[in-house]
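Biologist: Could you take me through the ligand site in this one? I'd like a close look at what surrounds the ligand and where it sits.

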Amino acid sequence: MSKALTSSLLGMDLGEFSVLVSEAGEPAYRAKQIMEAVYRHRVESVAEIATLPQPFRERLEHSGVTLGAARIEKKFVSVDGTVRYLITFADGQSVETVWMPEGDGGEAGDGSEAGETAERLTDIPGPGTSGAKAKAEESEPIAALKRCATQNLRSQDRHSQDRTSSGRSTICISSQVGCAVDCQFCLTALLGVKRNLTAGEIVGQVCAVLKDQRVSPPEDRINLVFMGMGEPFLNYENFVKASRLLVEGVGIAERRMTVSTAGIVPRIYDFGGESIRPKLAISLNASNDALRTRLMPLNKKWNLDMLIAAAREFPLRTREWITFEYVLLGGVNDAPENAREVAELLRGMRCKVNLIALNPGPGIDFTTPSAERVTVFQNILRGAGTPAFVRRPRGRDIYAACGQLKRTVEVATSPEPQMQSISRVQQ
Ligand code: SAH
């Protein structure tokens, strides 16, 4: 790890601040002052830590200590208010982070307000009938990207007016640059994995977005999902440390955070033993091993028996349940028979299913199922006693929806956008 990353205050916990402070011969209470400044006030430089005496700030700076704040490089605003951020770190690598001003109807996945809203939403329109979604689907991605500058301004105004009513805003953060898991329907997979993010870089995304949106937990209730680029359980230590800092430093409640894993089974067991942890979501995406192996090659290593056993043994807290995500791919995993198999797999488990109709993308050779097919699938699950919700796609027009996080990275890092040249042969 480079010195620039290791000497960043962002990502250190109270214990590490205490060491820093005592090595500098400063009184112990300064550690708490730094913690407050970095995570609550979200200062962007050591010089800004007003609670520290000037000479101490100067000494820190001279010894190479930096804040390590994440930098927002680009911002794309969707017709539905979703904002996709391209966030760049000290070594020039970047990830995408998404702000959803009204949640996505269940991405909190967890019985918080967003989850409850999902129930109401899915009871009324069903996929494909909401105005915002219809618009998002009609609009052409490139045109939307070009429109973003003006929308950006409009959205900024709207968000600042909405500040007090943003009770279910959700931030979707990334845990790795790219992803190694290779799910066949996910755009991020096409990037491969470049590197893990440090705990500071994970928390830094949240700090940058909170600052940009001018919101601050716990006064503003923010949901957080580790559902952006990357597989959090393949960057386990940094993810766990980041979750703790988000709870203890930034002030986001554990019950408002959800981590999603593609199914790294040993880490599911480890995660159950963490004293501070988000809720658990598992990307199921298929109803039997043959199908899951085809869609998610990691199923060869950790098959459905192993995955479901880990889920059944997962130590749930009071009023907590596991969320299973299921991406519906037209004609592939969306038949009534698949729904019945899913119901059977999950029978008796304290869980719910979030159904996500495929968000399309260049290089993804699957189709989005019809609204009717999604509803039939949902009703079979519900009929079998498994709560099932349909997630509204958010920000599809700006490639901010699930499985679409890659586009800005490509555009920003390639001399020529490569999207059209990438093709994938469906197995
Ligand atoms: N790697 C973790 C975190 C990413 S979460 C995981 O797999 O769980 C992203 C969610 O979006 C996952 O549930 C994934 O299955 C889903 N997803 C991926 N590609 C998608 C696409 N093209 N359309 C809809 N959902 C997709």
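Modeller: Here's a walk through the ligand site, with a bit about the protein around it. Keep in mind that this is a predicted model.

Let's begin with the place itself: the ligand sits in the largest cavity. There are 18 residues around the ligand, and the ones that come nearest are Phe-185, Ser-260, Ser-283, Asn-285 and Asn-359. Two strands each supply at least two residues of this shell, namely strand E8 (257-261) and strand E10 (322-328).

Now for the polar contacts. At Phe-185, a polar backbone atom is 2.8 Å from a nitrogen atom of the ligand. Asn-359 also uses its backbone: a polar atom there lies 2.8 Å from a ligand nitrogen. With Glu-325 we're looking at the side chain, where an N or O atom is 3.2 Å from an oxygen atom of the ligand. As for how much of the ligand gets covered, on its own it has 540 Å² of accessible area, and the protein covers 95% of that.

Stepping back to the protein that holds this site, you've got 15 helices and 12 strands. The chain runs to 427 residues, and 57% of them count as buried. If you take contacts with a separation of 6 or more, 72% of them are between residues 24 or more positions apart. On the outside, the protein exposes about 17,000 Å², with carbon and sulfur atoms supplying 52% of that area.

Methods
Residues are numbered from 1 along each chain as its sequence is written. This is a predicted model: local features need pLDDT of at least 70, side-chain atom pairs count only at pLDDT 80 or more; totals for chains, interfaces and linings use all residues. Side-chain values use heavy atoms; hydrogens and water are left out. Helices (H or I, at least four residues) and strands (E, at least two) are DSSP runs, numbered from the N terminus. Buried means under 20% relative accessible area, exposed over 50%, partly exposed in between (1.4 Å probe, protein chains only). Contact means heavy atoms within 4.5 Å. Accessible areas come from the Shrake-Rupley method with a 1.4 Å probe; for residues, only the protein chains shown count as cover. A residue is near a molecule or strand if one of its heavy atoms lies within 4 Å of it. A polar contact is a pair of N or O atoms within 3.5 Å; within protein, one must be able to donate a hydrogen and the other to accept it, and residues adjacent in sequence count only if both atoms are side-chain atoms. On a 1 Å grid over the protein atoms alone, a cavity is a set of points where a 1.4 Å probe fits but cannot get out, and a pocket is an open set with protein on both sides within 12 Å along at least five of seven lines; lining residues have an atom within 4 Å of a point. A molecule sits in a cavity or pocket if more than half of its atoms lie within 2 Å of its grid points.
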